[in-house]
Amino acid sequence: MKGMTVIVKTISSWVKVLIFLFGIYIVIFGHLTPGGGFAGGVILASSYVLLMLAFGREFVQKNLPLGISSKLDCLGAFAFAMIAILGFFYGGIFFCNFLVERGQAFGLISAGTIPLSNIAIGLKVGASLFLVIFSLSIFRRNTSANK
Amino acid sequence: MDIFYILLLFILIAAIIAVETKNLLSAIICIGAIGFGASLMFLFLRAPDIAITQIVVEVLGLIVLIRATISRDLTFISGDKEFFGTVVSVVIIFVIFLAGLRVFETLPDFGISIFRQAQNAASQTYVREGLRQTGAANLVSSVILDYRAYDTLGEATVLFTSIIGATVILRERARKQLEDSDE
């Protein structure tokens, strides 16, 4: 799988950066504007899927190795669980929003643990969707090699 | 209001085509059209959060489905329908239709929020107290990550389980095929 033509490669290497930035924006501003961890994570994953479609699987594997993406997946899940457990220790309730007094409302740093949870969910969703698509493409490679 | 009925008609036509067509690729594209129609509807109903998620998942799902089907030999559906399966599905559809009629009688009109009927519902409290209690300007975020964070935890767990399952099943199949090709 060598990828597509030069035109597609050039354009998608530019557009990929914009999509990635937009995903980060959706994740970080999830507590202020529409969006949030899940949608942002899917956008982050789709930027890598675009690379995979344009450049082929090997390029993406070099860019974002499987070990790192599965570690990011686990890190997102771990961070989300840790936020819940910290809420239990500081506030007495599982998922207690123990940082809510910090920051101004409508500011970027506000809403306590919600932006942190958004970042954790975004990492988790992005990495795991990327892994699902990656494993699907590996499976397809093996079937086509058999024929 | 008319735009909703136009979109509903569009979605219904796309769904019928997706069921009836013999070509898998055009069926997938019709499913994509259904998703985009639904996301437009969410946008007109002033739910941009759901619209963003719907459109993004739709695009990604469309790419995955097209890539999964386009390489297979099975691009056309063939074979007759089983008699027993048809009878069972007709009966189930009839039961769901009867239950749906009962449910639709209690729903408010299309596009009108349900808060107007239930003044003391929990959602009213979220709308009134959400900004003060959580500090998040986006109320949807404050619900899914503060009031109902357990839901999000369950969703993350489902995603984690699904990636584990996908990896295990696909790896096993790929290994078997590699072994077969070695022999």
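1. Helices and strands are here runs assigned by DSSP, numbered from the N terminus; a helix has at least four residues. With that definition, the elements of chain A can be read from the N terminus on as α-α-α-α-α. Chain A thus has five helices and zero strands. The structure under review is a predicted model.

2. The confidence of the prediction deserves attention before any detail is discussed. The model as a whole scores ipTM 0.71 and pTM 0.73. For chain B, the average pLDDT is 79, and 81% of the residues score at least 70. Where pLDDT is low, the predicted coordinates should not be read in detail.

3. Chain B is likewise described by its helices. The chain holds seven helices and zero strands, and along the sequence its pattern reads α-α-α-α-α-α-α.

4. Burial is reported for both chains. In chain A, 43% of the 147 residues count as buried. In chain B, which has 183 residues, buried residues make up 15%.

5. The contacts within each chain may be sorted by separation in sequence. Among the contacts in chain A with a separation of 6 or more, 66% are between residues 24 or more positions apart. For chain B, among contacts between residues at least 6 apart in sequence, 43% join residues at least 24 apart.

6. In chain A, how do helix 1 and helix 2 pack, and at what angle? Helix 1 (residues 6-28) of chain A meets helix 2 of chain A at an angle of about 170°, and the two axes are 8 Å apart. Because an angle over 145 degrees counts as roughly antiparallel, helix 1 of chain A is roughly antiparallel to helix 2 of chain A. Residues that helix 1 of chain A brings to this contact include A:Val8, A:Val15, A:Ile19, A:Phe22 and A:Ile26. On the side of helix 2 of chain A, the participants include A:Ile43, A:Leu44, A:Leu50, A:Leu51 and A:Phe55. By type, the residues of the contact of helix 1 with helix 2 of chain A comprise 14 nonpolar, seven polar and two charged.

7. A second packing arrangement is found in chain B. There, helix 5 (residues 122-134) and helix 6 (residues 139-147) pack at an angle of about 75°, with axes 10 Å apart. Since angles of 65 to 115 degrees count as roughly perpendicular, helix 5 of chain B is roughly perpendicular to helix 6 of chain B. From helix 5 of chain B, the contact takes in B:Tyr126, B:Val127, B:Gly130 and B:Thr134, which meet B:Leu139, B:Ser142, B:Val143, B:Asp146 and B:Tyr147 in helix 6 of chain B. The residues of this contact in chain B divide into five nonpolar, three polar and one charged.

8. Helix 4 of chain B permits a simple check of geometry. At 1.5 Å a residue, the 24 residues of helix 4 (residues 83-106) of chain B should span 34 Å, and the end C-alpha atoms are 36 Å apart, which agrees. Is this helix 4 of chain B well covered or hardly covered? Helix 4 of chain B is hardly covered, for zero of its 24 residues are buried.

9. The last point concerns the contact between the chains, which takes 47 residues from chain A and 38 residues from chain B. On the side of chain A that touches chain B, the elements giving two or more residues are helix 2 (37-55), helix 4 (66-91) and helix 5 (114-146) of chain A. Helix 5 of chain A supplies the largest share of that side, 20 residues. The residues of the side of chain A that touches chain B are 26 nonpolar, 18 polar and three charged.

How values were computed:
Residues numbered from 1 in each chain as written. Chains lettered and ligands numbered in written order. Predicted model: local features only at pLDDT ≥ 70, side-chain atom pairs only at ≥ 80, totals over all residues. Contact = placed C-beta atoms within 7 Å. Nonpolar A, V, L, I, M, F, W, Y, C, P; charged D, E, K, R; others polar. Axes fitted to C-alpha atoms, helices over the stretch in contact; angles between N-to-C directions. Parallel < 35°, antiparallel > 145°, perpendicular 65-115°, else oblique. pLDDT = per-residue confidence, 0-100. Buried ≥ 20, exposed ≤ 12 C-beta atoms within 10 Å, placed from the backbone. Expected span 1.5 Å × (residues − 1).
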